[in-house]
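Grab a pencil and try these short exercises. Have a go at each one before you read its solution.

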Amino acid sequence: MALTALPAEAFAASAETEQRAQRDRGDRPQARSDRGQRREARQARQRGNDQRRSARRGNDAPRARQQNERIRWDAMRRAVEQSGARPVRSDRRDDRRDNWRERNQNRRDRWDDRRDNRRDRWDDRRDNRRDRWEDRRDNRRDRWDDRRDHREWNRRWRDNNRYDWHRYRASNRHVYRIGRYYSPYRNYRYNRVNIGFRLGNLFYSNRYWINDPWQYRLPPAYGPYRWVRYYDDVLLVNTYSGEVVDVIYDFFW
């Protein structure tokens with residue numbers, strides 16, 4: 001009986017071993033996938049840790065630079081203080097303060113210059129306006145004075161033998177023969193004018209002036225007065241008003 005039992009146990013053991021092996025073979029792909037997922041999870045955690053460490057290092061970099069800069073300046077200040085000189089930072093601060101004050105002073109100077117220039121230009125314009133106004137006032141006063149001073153013409157010049165144009169014309173008739181008279185107005189005929197009559201301004205324009213009265217032994221005209229030829233007559237006209245203040249009829253030939 002012992003001989004018959006052994007093969008059966010051996011067969012059962014081999015069968016169980018084979019079933020375990022098959023079970024192991026069947027679970028192996030699942031185990032492999034689990035291990036892969038765990039590996040990827042570890043790698044992801046590692047990458048996250050690396051990123052966080054790099055981020056901390058990046059955030060701490062400015063702080064570390066500031067700390068290093070502070071340490072370096074403290075060392076320089078101690079070295080300067082030990083040497084007996086003024087601290088470099090205070091020198092720079094003083095320099096910045098001086099530069100700031102200088103810039104402010106320059107801006108203030110430029111502003112003062114522009115203000116002074118505007119004031120000067122305004123004063124110049126005001127002075128020019130005052131000068132022009134005074135000139136116009138003086139001119140009006142001069143013209144008014146001329147009119148007032150020469151308002152009345154002295155007709156007693158005929159009593160002076162120097163202006164005896166009758167006798168002079170008798171011996172110098174060719175001097176008074178000066179050609180035809182052309183009226184400034186078309187179809188205008190001669191009208192005898194008397195003292196006090198007011199002429200149109202074209203009748204006493206400069207083309208009719210007698211520029212050399214002494215040539216005809218007439219007294220010189222002064223102020224606003226002018227000797228004017230009017231056909232064969234000679235008139236003394238106030239050029240401001242056109243008023244005839246003296247007249248000689250049939251003066252020219």
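**Exercise 1.** In what sense do E1 and strand E2 pair, and over how many bridges?

*Solution.* Start with the ground rules: this is a predicted model, where local features need pLDDT of at least 70, side-chain atom pairs count only at pLDDT 80 or more, and totals for chains, interfaces and linings use all residues. Residues are numbered from 1 along each chain as its sequence is written, and side-chain values use heavy atoms, with hydrogens and water left out. Now find strand E2 at residues 233-238: it pairs with E1 in the antiparallel sense, over six bridges. Strands here are DSSP runs of E with at least two residues, helices are runs of H or I with at least four, and both are numbered from the N terminus. Pairing takes at least two DSSP bridges between two strands. Within this pair, Tyr 225 sits opposite Asn 238 in E2.

**Exercise 2.** Work out the strand order of the sheet and name its edge strands.

*Solution.* The sheet is open, with three antiparallel strands in the order E1-E2-E3. Strand E1 (225-230) and strand E3 (243-248) each pair on one side only, so they are the edges.

**Exercise 3.** Place the sheet in the whole chain, then say where pLDDT stays under 50.

*Solution.* Along the sequence you'll read α-α-α-β-β-β, that is, three helices and three strands. Next, check pLDDT (the predictor's confidence in each residue, from 0 to 100): the chain averages 80, and 76% of the residues score at least 70. Finally, residues 1-6 are where pLDDT stays under 50, and the model gives them zero contacts (heavy atoms within 4.5 Å) beyond four places in sequence.
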